[in-house]
Number of protein chains: 2
Amino acid sequence: MQLNLPVAVRWAADGRAVELLDQTLLPGREVYLRLETATDVAEAIRSLRVRGAPAIGVAAALGLALEAARHTAAPRDEFLRAFDAAYAELRRARPTAVNLAWAVDHLRRIADSLGAADNGTIACRLYGAATQILDDDIAMCRRMGEHGAALLPEGTVRALTVCNAGALATSGMGTALAPLYHAAAQGRAIEVYACETRPLLQGSRITAWELARAGLPCTVVIDSAAPLLLRDGAIDIVFTGADRIAANGDVANKVGTYSLAVHAARAGVPFYVVAPATTLDPHTATGAGIEIEHRDADEVRRGFGALTAPADTAVYAPAFDVTPAELITGIVTDSGVLRAPYAGGIERAAAALHGAEATR
Amino acid sequence: MQLNLPVAVRWAADGRAVELLDQTLLPGREVYLRLETATDVAEAIRSLRVRGAPAIGVAAALGLALEAARHTAAPRDEFLRAFDAAYAELRRARPTAVNLAWAVDHLRRIADSLGAADNGTIACRLYGAATQILDDDIAMCRRMGEHGAALLPEGTVRALTVCNAGALATSGMGTALAPLYHAAAQGRAIEVYACETRPLLQGSRITAWELARAGLPCTVVIDSAAPLLLRDGAIDIVFTGADRIAANGDVANKVGTYSLAVHAARAGVPFYVVAPATTLDPHTATGAGIEIEHRDADEVRRGFGALTAPADTAVYAPAFDVTPAELITGIVTDSGVLRAPYAGGIERAAAALHGAEATR
């Protein structure tokens with residue numbers, strides 16, 4: 001089938017702006033923003049109009065390159081001042097997003113290394129580097145899709161996912177959803193069950209929307225009911241994304257992932273994490289070393305408008321949880337599928353896989 | 001400590017009206033309604049101003065007795081017409097609530113058995129019978145509280161619950177929450193973790209409110225994070241209510257109960273169901289025979305106002321799930337604690353327990 005995938009972030013056709021799908025308006029309205037300055041891009045990142053670590057990194061890189069291009073005719077000191085201000089503003093737009101810092105630091109190093117060149121040369125190199133980040137992201141998603149699609153069972157596939165690790169979290173076809181899109185594009189029958197994902201409902205607001213737009217059938221599942229689908233044989237495979245993967249293969253991802261992994265193991269349903277190799281963190285030995293961010297209590301007490309709990313009640317709402325490696329069937333990366341145990345750490349396993357693929 | 005428990009349903013002080021806490025206004029406002037006719041009570045049941053099977057049964061009984069009392073001075077045929085109309089209106093207010101049908105049928109049989117008596121005599125007997133249903137409910141809650149409190153470990157108790165099986169689901173101190181209220185009243189330190197309970201959020205809207213009013217510390221937990229508390233040793237005991245208990249001890253209760261039972265077993269945390277003996281259903285052999293009601297998709301797609309999923313997306317939102325007997329540590333009834341296996345069926349086990357208690 002022909003997929004009708006939404007695009008989270010891209011260059012405008014004239015190359016003079018960044019185009020973003022405003023995700024704060026989903027699922028009600030599909031509106032693309034044309035952003036012509038780094039300040040506009042930073043605002044869009046801060047206000048979650050674009051979200052998902054890969055997509056944020058791409059948006060920031062494009063925004064920074066755009067800002068340099070806008071000032072090529074200016075005197076050198078003004079050009080540099082504009083670049084520095086844009087770099088700083090973008091880098092602090094979401095302080096915890098690793099891809100964002102990596103992307104703007106990468107462009108900053110390129111600019112610094114070209115100290116003697118003229119403004120136009122620097123701007124062109126930055127434009128090229130930003131476009132490379134965008135293209136790499138698209139390519140990584142495609143490769144994760146290919147590797148993951150090879151894991152699907154015969155016949156109609158009923159896949160369960162949580163949160164949004166789809167096209168709208170990247171500039172390509174997503175991470176967790178990439179195997180499903182890849183298979184659907186090749187004519188396979190795919191049905192997706194999307195966990196609602198309290199408190200911010202990324203599953204029902206974003207994943208269900210992008211799947212419907214792409215043309216794949218989707219059923220929204222309240223989080224506490226997903227274990228029943230697994231128990232009752234209604235799910236063939238689980239795909240989730242990852243926020244960070246420790247050296248021993250423990251995975252930090254959206255809260256709810258751990259519970260799904262326990263229920264999948266109990267039901268004998270394969271449970272795969274899909275994430276690019278850049279998500280591997282060799283400096284964190286195990287999941288116990290991963291700090292878990294907690295959400296603001298008012299996202300639970302008055303999410304989406306109404307007061308749904310006493311205004312001053314205590315709330316337990318971690319944003320992420322850690323799933324131990326032994327509950328994970330495999331980790332689908334852009335280089336192939338990693339499986340525990342990871343002798344010498346997961347990065348060495350990934351490097352071996354990458355080397356094997358490169359020499360194939 | 002002195003508990004400040006809210007009351008879901010009671011006679012007005014003058015005995016000429018039913019007083020109900022309007023639960024549709026929680027957690028924002030605490031408003032008691034004075035209802036002087038059966039029609040008013042039926043409306044309150046239909047619109048969920050009072051909910052919870054025991055509380056609904058009590059409200060209906062009080063409403064029907066009230067209607068008889070209003071017409072004692074009328075001619076006999078008018079008195080009977082008013083009674084029949086009130087009976088029919090109350091009985092259909094929520095067709096699936098077993099306690100409601102049982103309560104109004106009980107009063108109808110009493111009225112029918114007094115055919116020759118005068119209006120005033122019949123009305124007095126109905127008033128007495130309705131008050132007995134109210135008192136029995138209060139007493140059953142108290143006994144469940146005593147039996148359940150004996151199960152609590154030493155020291156500060158951290159208990160997890162789901163949905164609302166508290167004071168506001170009964171006319172007394174609740175079912176699942178009764179052991180905790182009982183222990184707190186005796187000076188024990190009790191901390192309650194209340195699962196939010198999508199899609200209708202009875203945990204955050206109602207349980208958290210009634211616990212705060214009673215004076216017990218409560219933390220609202222998003223449903224998908226409760227397994228983390230169990231895994232991390234942050235919960236000492238789980239108490240849930242029950243909607244129906246099959247002969248083999250399988251329990252139908254609010255969706256999410258099954259997942260909590262699996263995670264409690266995995267973590268070695270005791271998992272108790274608290275329900276009066278009237279919840280036992282000897283005519284249903286196992287949980288597989290219990291029909292599960294599904295909620296309206298719009299409760300998920302546009303719950304509490306905002307559109308949080310594509311307007312036409314499919315939704316999987318069962319209202320209840322079935323927890324197998326082997327995952328349940330025990331069933332706390334008003335006669336004592338039942339434990340699997342239930343040779344000869346759970347009703348025989350309950351009867352034996354009841355007999356043992358009666359002869360003690």
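This report describes a predicted model of two protein chains, beginning with confidence and the interface and then turning to strands, salt bridges and backbone details.

**Confidence**

The model is predicted, and the predictor gives it an ipTM of 0.93 and a pTM of 0.94. Chain A has an average pLDDT of 95, and 99% of its residues score at least 70. Where pLDDT is low, the predicted coordinates should not be read in detail.

**The interface between chain A and chain B**

On the side of chain A, 45 residues are in contact with chain B, and 45 residues of chain B take part in turn. The area buried between chain A and chain B comes to about 3900 Å², and carbon and sulfur atoms give 66% of that area. Within chain A, the residues that lose the most area to chain B are A:Ile222, A:Tyr258 and A:Tyr316, which together account for 17% of what that side buries.

Polar links also cross this interface, where 19 residue pairs are found in polar contact and 2 salt bridges are counted. In a salt bridge between A:Glu196 and B:Arg198, the closest N and O atoms are 2.2 Å apart.

Several elements of chain A each supply at least two residues to the side that touches chain B, among them helix H7 (202–214), strand S6 (218–221), helix H8 (226–231) and strand S13 (320–323). Helix H9 of chain A gives the most to this side, with 5 residues. Sorted by character, the residues of chain A that touch chain B divide into 29 nonpolar, 9 polar and 7 charged.

**Strand pairing**

Strands pair both across the interface and within chain A, as the table sets out.

| Strands | Sense | Bridges |
|---|---|---|
| S6(A) and S12(B) | parallel | 3 bridges |
| S8(A) and S9(A) | antiparallel | 2 bridges |
| S9(A) and S13(A) | antiparallel | 4 bridges |

In the pairing that joins the two chains, A:Val220 stands opposite B:Val315, a residue of S12(B). Inside chain A, strand S8 (residues 244–246) pairs with strand S9 (residues 251–254), and A:Ile245 has A:Val251 of S9(A) as its bridge partner. S8(A) and S9(A) form a hairpin with 4 residues between them, and A:Gly249 in the turn has a positive phi of about 95°. Strand S9(A) also pairs with S13(A), where A:Lys254 stands opposite A:Phe320.

**Salt bridges**

Over all chains, the count of salt bridges comes to 39. One of them joins A:Asp84 and A:Arg108, whose closest N and O atoms are 2.7 Å apart. This pair links distant parts of the chain, since A:Asp84 is in helix H3 (residues 76–91) and A:Arg108 in helix H4 (residues 98–113), the two residues being 24 residues apart. Side chains of opposite charge can pair when their charged atoms come close.

**Backbone details**

A cis peptide bond, with omega about 0°, joins A:Ala340 and A:Pro341, and A:Pro341 lies in the loop between strand S15 (336–338) and helix H11 (346–358) of chain A. In chain B, a cis peptide bond joins B:Leu26 and B:Pro27, with omega about 0°, and B:Pro27 lies in the loop between strand S2 (18–21) and strand S3 (32–35).

The backbone of A:Thr197 has a phi near 75°, a positive value in a residue other than glycine. A:Thr197 is placed in the loop between strand S5 (190–195) and H7 of chain A.

Terms used: Residues numbered from 1 in each chain as written. Chains lettered and ligands numbered in written order. Predicted model: local features only at pLDDT ≥ 70, side-chain atom pairs only at ≥ 80, totals over all residues. Heavy atoms only, no water. pLDDT = per-residue confidence, 0-100. Contact = heavy atoms within 4.5 Å. Buried area = accessible area lost by both parts, 1.4 Å probe. Salt bridge = Lys/Arg side-chain N within 4 Å of Asp/Glu carboxyl O. Polar contact = N/O pair within 3.5 Å; in protein donor to acceptor, adjacent residues only side chain to side chain. Nonpolar A, V, L, I, M, F, W, Y, C, P; charged D, E, K, R; others polar. Pairing = 2+ DSSP bridges.
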